[in-house]
Amino acid sequence: MKKPRILSIHPEPDYGDRDPNDPLSFHVTITLHQLRKLPVWVRDQIHWMYGLDSRHCYIVVHAKDELEAYMRFERLWAGLPKE
């Protein structure tokens, strides 16, 4: 199975209660089709949420910036078992 195409990476909104020492949270947008290729027990272990439409989802990645979020997502996806 090939890796998913990342549609967007954007930071989680800051509502003023975030500690400045904590890493930022980024939403990595992929399609639900790609996420559903993962086994159910893996989907239960990663932090993800439905997107604005019925075809996309966000996977939450903690990082300093967008580049680090991209690299962490790539390493996460490479290490996950696929069906």
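Two strands count as paired if DSSP finds at least two bridges between them. Helices (H or I, at least four residues) and strands (E, at least two) are DSSP runs, numbered from the N terminus. Keep both handy for this tour.

A quick word on what you have open. This is a predicted model, where local features need pLDDT of at least 70, side-chain atom pairs count only at pLDDT 80 or more, and totals for chains, interfaces and linings use all residues. Residues are numbered from 1 along each chain as its sequence is written, and side-chain values use heavy atoms, with hydrogens and water left out.

**Stop 1: the whole chain**

Show the chain as a cartoon and colour it by secondary structure. You should find three helices and four strands. Start at the N terminus and follow the order β-β-α-α-β-β-α. The radius of gyration, taken over C-alpha atoms, is 13 Å, close to the 12 Å of the globule rule for 83 residues, so the chain is as compact as a globular protein of that length. That rule is 2.2 Å times the number of residues to the power 0.38. Now switch to the C-alpha trace: along its principal axes it spans about 40 × 25 × 20 Å.

**Stop 2: strand β4**

Select residues 56-63, which make up β4. Is this strand largely enclosed or open? Seven of its eight residues are buried, so β4 is largely enclosed by the rest of the structure. Buried here means under 20% relative accessible area, exposed means over 50%, and partly exposed is in between (1.4 Å probe, protein chains only). Across the chain, buried residues make up 34% of the 83 residues.

**Stop 3: the partners of β4**

Add residues 24-31, strand β2, to your selection. Eight bridges join β2 to β4, and the two run antiparallel. To see one bridge pair, pick Thr31 and its partner in β4, His56.

Next, add β3, residues 48-50. Which way does β3 pair with β4, and over how many bridges? The pairing is antiparallel, over three bridges. Click on Met49 and then on Tyr58, its bridge partner in β4. Trace the backbone from β3 to β4 and you'll pass through a hairpin of five residues.

**Stop 4: out on a loop**

Finish at Asn21, in the loop between β1 (8-11) and β2. With 70% relative accessibility, Asn21 counts as exposed. Try the distance tool from Asn21 to Ala69: they are 48 residues apart in sequence and 17 Å apart in space, C-alpha to C-alpha.
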